[in-house]
Every structure is written in C-alpha cells, then in structure tokens.
Amino acid sequence: PHVDMVEFINEKLQMQKLSYDIIPEKTIAMPVRASDKCHGHTIEDSAAGEEKCLTLDRYMEVAESVRARDPNVDTIIFTSESREMVEKSKEYNRDGKWKIVYNVADVMPGTGSTNIATLKKSQSRSLGIQSAIVSLHMQLRAKYFIIPYFPRRSRPYSSWLLAVGVLSRSSDLTFTDKTFLVDVHQGTFYSSDAPTTEEFK
C-alpha cells in the first residue's frame, strides 16, 4: 500500500489506544450497516440495498445474549457508515453496562456506495477506504462478531460484512484462538473451529 495510507492507518490505530481499551476475550465486534445498505432506502444516486436492516435495539439484545453465555464480556467495538447509528449507540454507553469503543478516524459518510454522494460527504474516496481499514483492524480484536449471517450460503449478507465474517474466522489474523459469528437475526452462534453452517450449542 501507499506509504501515506500506511502512515494514516498506523496513526489512527495509535490514537485508539487499543491496547488499553480492548481485551479481545471480553469484546464484541458490532459493524452495523444502515443508510443505503438497507432494502427500501431513499438515498438518491446509490445502489440498491443489500439487506433487511435491523434496529440497534436488536443488536443490543443479541449483545446481551452473548454476555449471558460469557459474563466477562463488557466491550463493544461499534462502527457504522451511519452517523445516526453511532449517535444512537452512545445511549447504551451512559449507564456503564457497556464500554463502547469507536473508530475516531471514521468519516461516516452516510452511504455505503461509492458515488457522488459519498465523495461530497468525505474529502476523498481514499479517506473513506482508509477509515474502513482502520475499522476492520479494530473489529478483528474481538472474540464475538454480531452480524447478519446467512448460513445456507455460509456468508453474511453484504460485501463489507462478508470481509469481516471471513477474516473473523482466520486465527492468524484475529486476537483470540477461537471466535464466534453471532447472527443478529436469529441469535445463533457459529464457532470459527466448526463448519460455517454448524450452529454452536
């Protein structure tokens, strides 16, 4: 990669102070898609939606189910292209039940499509890509990954979540020996050391 991008990513990761804020065994990755990634969106000049988007309340219900299985879990790495979703998530951070960590470099363009609207809302397309890479670096520091998952196709719904889901099962890239995909629709757990269609009981 270009040296400027490497420097940008390293600088932003250092700003996160990840070694202090995140203990992977106690952490959930929650990449939430919204805006024009949702079926039925009304954003002009964007591609068609890729999935049925769920409410943030549903994501947090599943987070609670993760903690019911593993009471030590107390941290959520929260990222989204939607500033509205990020702001809503802060409500769950106020009572001290969860420690929510954000990507301070996130440009949150309000769209998941590379189009005119994207370029108007961020300084450049490369800035959005850099921001996404920082988010991905952060998310791989989790043990649990709450995403929409489609087991019959052995993949998440959207292309971005596919990348997160595939990398979360790569033990040489994650920060724990074993990770879990948790389908936000059904609340089903899938272990990284089992076939992608096999539910974890």
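**Chat: the sheet and its salt bridges**

Modeller: Let's start with the sheet: 6 strands form an open sheet in the order E3-E2-E1-E4-E7-E8, and the pairing is mixed. Keep in mind that this is a predicted model.

Colleague: Okay, which strands stand at the edges?

Modeller: Those are strand E3 (99-102) and strand E8 (189-191). Each has a single partner strand, so one side of each is left without a neighbour in the sheet.

Colleague: And how many degrees does the twist average from one strand to the next?

Modeller: The average is 25 degrees from one strand to the next.

Colleague: Let's zoom in on E4 and E7. How many bridges join them, and do they run parallel or antiparallel?

Modeller: There are 4 bridges between E4 and strand E7 (residues 180-183), and the two run parallel. If you want a spot to look at, find Ile 147, which stands opposite Asp 183 in E7.

Colleague: Got it. Which strands does H3 touch?

Modeller: H3 packs on the sheet and touches E1, E2, E4, E7 and E8. The direction of H3 makes about 165 degrees with that of E1.

Colleague: Let me step back a second. How many helices and strands are there in the protein?

Modeller: The protein has 7 helices and 8 strands.

Colleague: Switching topic: how many salt bridges does a search of the whole structure find?

Modeller: The search turns up 9. One of them lies between the side chains of Asp 74 and Lys 26, at 3.5 Å from N to O.

Colleague: Where do those two sit in the chain?

Modeller: In distant parts of it, 48 residues apart. Asp 74 is in the loop between helix H3 (56-69) and strand E2 (75-80), while Lys 26 is in the loop between helix H2 (18-21) and strand E1 (27-32).

Colleague: Why does Asp 74 count as partly exposed?

Modeller: Because its relative accessibility is 26%, and partly exposed covers what falls between the 20% and 50% cut-offs. Lys 26 is partly exposed as well, with a relative accessible area of 26%.

Colleague: What about Arg 58 and Glu 61, where do they lie?

Modeller: Both are in helix H3, 3 residues apart, which is about one turn of the helix. Their side chains meet in a salt bridge at 3.2 Å, N to O. Arg 58 is partly exposed at 23% relative accessible area, and Glu 61 is also partly exposed, at 48%.

Colleague: Next one: is Lys 143 buried or exposed?

Modeller: Buried, because its relative accessibility is 14%, and buried means under 20%. The side chain of Lys 143 meets that of Asp 70 in a salt bridge at 4.0 Å, N to O. Lys 143 sits in the loop between helix H6 (125-139) and strand E4 (144-147), and Asp 70 in the loop between H3 and E2, with their positions 73 residues apart. Asp 70 counts as buried too, at 13% relative accessibility.

Colleague: Which residues do salt bridges with shared partners join into one network?

Modeller: That network is made of Glu 25, Asp 70 and Lys 143.

Colleague: Last topic, the whole protein. What share of the residues is buried?

Modeller: Buried residues make up 50% of the 201 residues. The accessible surface comes to about 10,300 Å², and 51% of that belongs to carbon and sulfur atoms.

Colleague: And what share of the contacts with a separation of 6 or more comes from residues 24 or more positions apart?

Modeller: Those residues account for 67% of such contacts in the protein.

Key. Residues are numbered from 1 along each chain as its sequence is written. This is a predicted model: local features need pLDDT of at least 70, side-chain atom pairs count only at pLDDT 80 or more; totals for chains, interfaces and linings use all residues. Side-chain values use heavy atoms; hydrogens and water are left out. Buried means under 20% relative accessible area, exposed over 50%, partly exposed in between (1.4 Å probe, protein chains only). Two strands pair if DSSP finds at least two bridges between them. Axes are lines fitted to C-alpha atoms, for helices over the stretch in contact, and angles run from 0 to 180 degrees between N-to-C directions. Contact means heavy atoms within 4.5 Å. Accessible areas come from the Shrake-Rupley method with a 1.4 Å probe; for residues, only the protein chains shown count as cover.
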